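Please load the model in your viewer and keep the selection panel at hand. The stops below move from a sheet to a set of packed helices, with single residues visited along the way.

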Amino acid sequence: MSGGKELSALIDLTYEAVLDNNLWPSVLIKLADAVGAAHPVMPSIDWRANTFATIAPRVDPDLVASYKEYWAFHDPVFGRATFRPVGEIYTLDSLMPREEFAATPVFNEWWRPAQYSLATAGTSLVAKDQFSALVCVSNAPGKDSLTDEQLRLFEVGARHLGRAVRINRRLWKLELANLAATKRIEMLPEGAMLADASGRVVLANAVAKAMLDARDGIFLCDGCLAVTGSPDALQKLVASCAQRSVGIGGPGGELEVPRDLPRSPLHVTVAPLRSDTRLPDVPWIGFGSPVALVTVTDRDRDRRRRQVNLRRRFGLTSREAALAAEILRGDGRKAAARRCGISDATAKTHLANIFEKTGTHRQAELVRCLLGAAEAQGGKT
């Protein structure tokens, strides 16, 4: 196939891959062939979570695994490349003197066994929020320089690949939004998040974002979900949702996250997403496919919100609303008074006012009224 036809076939396949992620390895092979290079690679890294992913169709899988686990974080050329502007074509020589790089452990222990040469070119496809995705090509050993024609062909191919990746990202985000809509995530009264297998938050509703920002019991550690007292516990529950075979308890689970008294603990639930609702893993998105729905209930927050709604609905004072919210727990006036820090006599006075304002006469009737008000708020009491 002539150079022009190879380039045309590469461009056609590149845009086909937008709708079929299984084609990306073939796209990279065609890119390398069109350029006349031996090795293509599309690496990405999330510096917050220290996670690396790549598509390297012509590299031994064992070498790919070793780069993912170790060398990606010890390769000075890769590290410098991630800070180059999107679309700029660079060569290894523009990142680091080749004599200096040839003396590094990563070149001698990984690049050479992988049959990469010092004649390497690349460009950044995505650089956003401490996440980078690149595409690179490398000549075979012995061909230690890239010709002007190779660089021209690489620039043309990489330009179309960059566009396809941006389209792919937009489509993936639309699919994610559709998935979130089917799960009614934004409408849930508690904190709700979709997380990938590494525990990174792919999408969160407003309540969950506020909880993560407050770092009160649940927070992000190196870009991944963590809870106070046992940082890895939540990540393990999320990871279990991606496994085909898990323990007796099955995938997901629940956690009680303690907080300083007098605050109530957070209740965290992790549930697996059905496999037919999962999105494809695409390295340059910056996240893996969401595998779990994580919900976080803050009883103190729910109680405060309920009190605000009661004040608005019935004109209760703040103290009356606090007592009414505690009575909803169903263990009687005296227990509710203790939790509010008031005497039983004061509770009786507040309760009489609550009866009058809600048009009720007994506690059972009041509870039904308050629960009805909660339902009228769409569950957002």
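A residue is called buried when its relative accessible area is under 20%, exposed when that area is over 50%, and partly exposed in between. With that cut-off in mind, and remembering that this is a predicted model, select T91, which sits in strand 3. T91 counts as partly exposed because its relative accessible area is 22%. Show its surroundings next: leaving out residues up to four places away in sequence, T91 touches T120, A121, L146 and L151. If you draw a distance between C-alpha atoms, T91 and A121 are separated by 4.2 Å, although their positions lie 30 residues apart along the chain.

**The sheet**

Now widen the selection to the sheet that holds strand 3. Which order do the five strands take in this open sheet? Going across, the order is 2-1-5-4-3, and the pairing is antiparallel. Strand 2 (51–55) and strand 3 (90–91) stand at the edges, and each has a single partner strand, so one side of each is left without a neighbour in the sheet.

Inside the sheet, select residues 120–128 as strand 4 and residues 131–138 as strand 5, which pair in the antiparallel sense over eight bridges. To see the register of this pair, highlight T123, which stands opposite V135 in strand 5.

Add helix 2, residues 24–35, to the view: this helix lies across strand 1 (39–46), strand 2 and strand 5, and runs at about 130° to strand 1.

**A buried aspartate**

Leave the sheet for a moment and select D196, which is placed in strand 6 (residues 191–196). Is this residue buried or exposed? D196 is buried, with a relative accessible area of 2%. Its side chain reaches the backbone nitrogen of R200 at 3.0 Å. Setting aside neighbours within four places in sequence, the contacts of D196 are V202, V238, F287, G288, S289, P290 and V291.

**Helices 12, 13 and 14**

For the last stop, hide the rest and show helix 12 (residues 318–327) together with helix 14 (residues 344–358), which pack at an angle of about 90° with their axes 10 Å apart. That angle makes helix 12 roughly perpendicular to helix 14. To display the contact itself, select R319, E320, L323, A324 and I327 in helix 12, which meet A347, H350, L351, N353, I354 and K357 in helix 14. Coloured by class, this contact of helix 12 with helix 14 shows six nonpolar, two polar and three charged residues.

Next bring in helix 13 (residues 333–340), whose buried residues are A335, A336 and A337. These buried residues of helix 13 pack against helix 12 and helix 14. Just after helix 13 comes G341, which has a positive phi near 75°.

Finally, compare the axes of helix 13 and helix 14, which come within 9 Å and cross at roughly 105°. Helix 13 is therefore roughly perpendicular to helix 14. The contact is made by R333, K334 and A337 of helix 13 together with D344, A347, K348 and L351 of helix 14. By class, the residues of this contact of helix 13 with helix 14 divide into three nonpolar, no polar and four charged. Keep A347 and L351 selected as you finish, since both belong to helix 14 where helix 12 is met, and both are also listed in the contact with helix 13.

Methods. Residues are numbered from 1 along each chain as its sequence is written. This is a predicted model: local features need pLDDT of at least 70, side-chain atom pairs count only at pLDDT 80 or more; totals for chains, interfaces and linings use all residues. Side-chain values use heavy atoms; hydrogens and water are left out. Two strands pair if DSSP finds at least two bridges between them. Helices (H or I, at least four residues) and strands (E, at least two) are DSSP runs, numbered from the N terminus. Contact means heavy atoms within 4.5 Å. Axes are lines fitted to C-alpha atoms, for helices over the stretch in contact, and angles run from 0 to 180 degrees between N-to-C directions. Angles under 35 degrees count as roughly parallel, over 145 as roughly antiparallel, 65 to 115 as roughly perpendicular and the rest as oblique. Ala, Val, Leu, Ile, Met, Phe, Trp, Tyr, Cys and Pro count as nonpolar, Asp, Glu, Lys and Arg as charged, and the others, Gly among them, as polar. Buried means under 20% relative accessible area, exposed over 50%, partly exposed in between (1.4 Å probe, protein chains only). A polar contact is a pair of N or O atoms within 3.5 Å; within protein, one must be able to donate a hydrogen and the other to accept it, and residues adjacent in sequence count only if both atoms are side-chain atoms.
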